[in-house]
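Reader: Hi! I'm new to this one, so could you pick a single part and take me through it slowly? Please explain the terms as you go.

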Amino acid sequence: MFLPFNFIRRRLGFVAIGVATLWLWCAPVAIAAPTDWPTGDRPEAQICTYDRRRFHRQTGIGKFYMGREIAKVIGHQDLFWLERPTREAEERPDVLLNLLKISQDDAIADLGAGTGFLTFRILDRLNEDGRVYAVDVEPESQDIIDFIADDRGETRVTTILSTPDDPKLPEGAIDLVFMLDAYHEFEYPCEMMQHVADSLVPGGRVVLVEYRRENPLIAIKTLHKMTERQAKKEMAAAGLRWVTTDETLPSQHVMVFARPTPGD
Ligand SMILES: C[S@@+](CC[C@H](N)C(=O)[O-])C[C@H]1O[C@@H](n2cnc3c(N)ncnc32)[C@H](O)[C@@H]1O
């Protein structure tokens with residue numbers, strides 16, 4: 001009895017250090033969120049809370065929001081993936097835009113715009129009073145979209161360089177915020193969505209288009225897909241009301257949320 005007890009006692013220090021290190025690796029990180037909601041329509045701004053986990057998928061950043069690991073960014077360096085010739089048939093952006101009944105003079109944000117795959121397709125649906133805010137965290141995205149816009153003599157697009165936690169959109173001015181294959185990469189999804197909600201006009205819509213994670217046969221990396229259930233949970237945390245989910249597209253959910261209006 002005496003010998004094993006001493007043996008354990010001598011190693012207690014190592015065990016304690018091990019447990020403390022593990023706890024530090026896995027401890028949740030709480031980041032204060034902005035608290036200045038201009039309209040008072042939405043619930044109190046939450047403190048955004050994330051978990052950091054030491055063991056995680058290679059395609060993720062080891063940071064989790066509401067149980068979902070955030071994916072690594074696929075950005076301008078993957079230009080050939082974003083502009084792949086098969087994408088039109090795979091994602092049917094024409095069908096997507098028909099679904100949404102856009103007004104021709106809408107102010108629309110393409111958040112996580114990348115190479116502008118959707119930006120210019122939206123512009124084709126707008127009249128001279130319509131506007132698209134193409135937002136991305138990578139300056140190269142801004143360069144690409146500005147270049148194409150100049151080339152086409154297009155003046156209805158404004159490129160915005162966001163920060164990882166703020167899309168820098170004008171407040172209370174946007175009719176529709178699009179996030180096509182982008183939201184799952186946002187490093188600060190909670191803060192981003194709080195700003196997005198602020199940017200909407202009352203009743204303004206958020207359209208989240210994500211590959212269906214429920215379906216393992218869809219050949220897209222797991223962290224670059226989302227379940228409808230998870231998306232609803234995360235949008236609700238930003239005070240957005242789920243309106244509808246459309247499953248017409250071959251592989252993606254089209255999930256529509258709205259900023260509540262008084263009386264909702
Ligand atoms: C997979 S690409 C999709 C681009 C485009 N929506 C498309 O469908 O072709 C995701 C884009 O989101 C951008 N992104 C990632 N985090 C962002 C953030 N916090 N704010 C704005 N853009 C972000 C990336 O730089 C990248 O261009």
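Author: Helices here are DSSP runs of H or I with at least four residues, strands are DSSP runs of E with at least two, and both are numbered from the N terminus. Residues are counted from 1 along each chain, following the sequence as written. What you're looking at is a predicted model, in which local features need a pLDDT of at least 70, side-chain atom pairs count only at pLDDT 80 or more, and totals for chains, interfaces and linings use all residues.

Let's make helix H7 the part we look at, and then follow what leads away from it. H7 runs over residues 189-199 and is mostly covered, with 11 of its 11 residues buried. (Buried takes 20 or more other C-beta atoms within 10 Å of a residue's own, exposed takes 12 or fewer, and partly exposed is in between; the C-beta atoms are placed from the backbone.) So who are they? The buried set is Pro189, Cys190, Glu191, Met192, Met193, Gln194, His195, Val196, Ala197, Asp198 and Ser199.

What does the covering? For H7, the cover includes strands S2 (48-52), S3 (60-65), S5 (107-111), S8 (174-180) and S9 (200-212), along with helix H8 (228-237). A contact here is a pair of residues whose C-beta atoms, placed from the backbone, lie within 7 Å.

One handy way in is glutamine 46, which sits in the loop between strand S1 (28-31) and S2. This residue counts as partly exposed because 13 other C-beta atoms lie within 10 Å. Glutamine 46 is 148 residues from glutamine 194 in sequence, yet their C-alpha atoms are 9.1 Å apart in space. Glutamine 194 is one of the buried residues of H7.

Next, try S8, one of the strands covering H7. Isoleucine 174 lies in that strand, and it counts as buried because it has 25 C-beta neighbours inside 10 Å. Leaving out residues up to four places away in sequence, isoleucine 174 touches Ala107, Ala109, Leu169, Ser199, Leu200, Val201 and Gly204. Among those, Gly204 is 30 residues along the chain from isoleucine 174, with 6.8 Å between the two C-alpha atoms.

Now for H8, the helix in that cover. Its own buried residues are Ala231, Glu234 and Met235. They sit on the same side of H8, because they cover an arc of only 100° around the axis. (The arc is taken over the directions from the helix axis to the C-beta atoms.) That fits a general point: an α-helix has 3.6 residues a turn, so residues three or four places apart point the same way. The cover over the buried residues of H8 includes S3, H7, S9, strand S10 (225-226), strand S11 (241-246) and strand S12 (252-258). After H8 comes glycine 239, with a positive phi near 80°.

Helix H6 (residues 139-152) is worth setting beside these. Its buried residues are Ser141, Gln142, Ile144, Ile145 and Ala149. Their arc around the axis is only 165°, which puts them on the same side of H6. The other side has Pro139, Asp143, Phe147, Asp150 and Asp151 exposed. As for partners, the buried residues of H6 pack against helix H5 (119-123), strand S6 (131-136) and strand S7 (157-161). Right after H6, glycine 153 has a positive phi of about 65°.

A couple of loops also deserve a glance. Most residues other than glycine have a negative phi. Lysine 101, in the loop between helix H4 (93-99) and S5, has a positive phi of about 45° although it isn't a glycine. Lysine 168, in the loop between S7 and S8, also isn't a glycine, and its phi is positive at about 60°. Lysine 101 is exposed because it has 8 other C-beta atoms within 10 Å, and lysine 168 counts as exposed because it has 12 C-beta neighbours inside 10 Å.

Stepping back to the whole protein chain, there are 8 helices and 12 strands, and 34% of the 264 residues count as buried. How sure is the predictor? Its confidence in each residue is the pLDDT, from 0 to 100. The protein chain averages 88, and 83% of the residues score at least 70. Residues 26-42 are a weak spot, with pLDDT staying under 50 there.

Notes
pLDDT is the predictor's confidence in each residue, from 0 to 100. Two residues are in contact if their C-beta atoms, placed from the backbone, lie within 7 Å.
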